[in-house]
Amino acid sequence: MKKSKYSYFFDIDSEYVGYSYLSDSFVAFLLEQKEHVNRIIDYPDDIITNADAIVYKELCSKKCLIGDDFDEYNHLIRLHRQFINRTDCMMLTIMPTMNCNCRCPYCYELHTNSKISREVVDNLKKYIAHNIKELNYFSIAWFGGEPLLCVNIIKEISEFCIDLCNKENVVFKSGITTNGV
């Protein structure tokens, strides 16, 4: 057994937490167990006690520890290919405006003073409603110049999507790229 190159451990509050990219999951231990956990990660073949075995099993189940012959890189490539070919997920990037309130000199955007039209908003909603029944997961990334300059459009589309996803039992997530001003 060996530690996965794609796992990361960190302290948070009173816990020692590990995240595994291979399983896309977390594992948590009491902070007092940190040295014990690290010893098992560093020397996974030296399991001596029942407490060692419990930690070892948890680390293996989350793919923080993997078999010596496990090809992590190719496993992640396979997962990536499976994900991009999924038909039950839809991810949209919506740019409600290219305008920005900061106009930073290093920014590559054109910052035109335009916003998404009513026709595009309505067509987006129709497109989402038409496809939602086939989905298990739906996400929107809000982007642009400064998307929060069109907060009313973000609210309108987001509320529409939340209601629709709740009715259809679809997981909905949303994120925004903003300057925070």
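Start with the contacts across the whole chain: of those between residues at least 6 apart in sequence, 62% join residues at least 24 apart. Keep in mind as you look around that this is a predicted model.

Now color by secondary structure. You should find five helices and eight strands. Walking from the N terminus, the order of elements is β-β-β-β-α-α-β-α-β-α-β-α-β.

Zoom out to take in the overall form. The C-alpha atoms fill a box of roughly 65 × 40 × 30 Å along the principal axes. The radius of gyration is 23 Å, whereas a compact globule of 181 residues would be near 16 Å.

Switch on the surface next. Its accessible area is about 11,700 Å², and carbon and sulfur atoms account for 53% of that. Of the 181 residues, 33% are buried. If you color by charge, look for 20 positive and 25 negative side chains; the centres of these two sets lie 7 Å apart.

Time for the aromatic rings. How many aromatic pairs does a search of the whole structure find? There are five aromatic pairs. Select Tyr 8 and Phe 10 to see one: the ring centres are 5.6 Å apart and the planes meet at 25 degrees, so this pair is stacked, the cut-off being under 30 degrees. While you are there, check Phe 10 on the surface: its relative accessibility is 24%, so Phe 10 counts as partly exposed. Then select Tyr 19, Tyr 21 and Phe 26, which ring pairs link into a cluster.

Move on to Lys 125, in helix α4 (residues 118-131). Is this lysine buried or exposed? Lys 125 counts as buried because its relative accessibility is 18%, and the cut-off is under 20%. Show its neighbours: leaving aside residues up to four places away in sequence, Lys 125 touches Glu 156 and Phe 160.

Finish with two loop residues and their backbone angles. Most residues other than glycine have a negative phi. Go to Asp 13, in the loop between β2 (7-12) and β3 (15-20). Asp 13 is not a glycine, yet has a positive phi of about 50 degrees. With 75% relative accessibility, Asp 13 counts as exposed.

The last stop is Asn 169, in the loop between α5 (151-168) and β8 (171-176). Here too phi is positive in a residue other than glycine, with a value near 60 degrees. Asn 169 is exposed, at a relative accessible area of 69%.

Note on methods:
Residues numbered from 1 in each chain as written. Predicted model: local features only at pLDDT ≥ 70, side-chain atom pairs only at ≥ 80, totals over all residues. Heavy atoms only, no water. Phe/Tyr/Trp six-rings, centres within 6.5 Å; stacked < 30°, edge-to-face > 60°. Buried < 20%, exposed > 50% of the residue type's maximum accessible area, 1.4 Å probe, protein only. Helix = DSSP H or I, 4+ residues; strand = E, 2+ residues; numbered from the N terminus. Rg over C-alpha atoms; globule rule 2.2 N^0.38 Å. Contact = heavy atoms within 4.5 Å. Areas by Shrake-Rupley, 256 points an atom, 1.4 Å probe, with all protein chains shown as cover. Lys, Arg positive; Asp, Glu negative; His and termini not counted. Charge placed at Lys NZ, Arg CZ, Asp CG, Glu CD.
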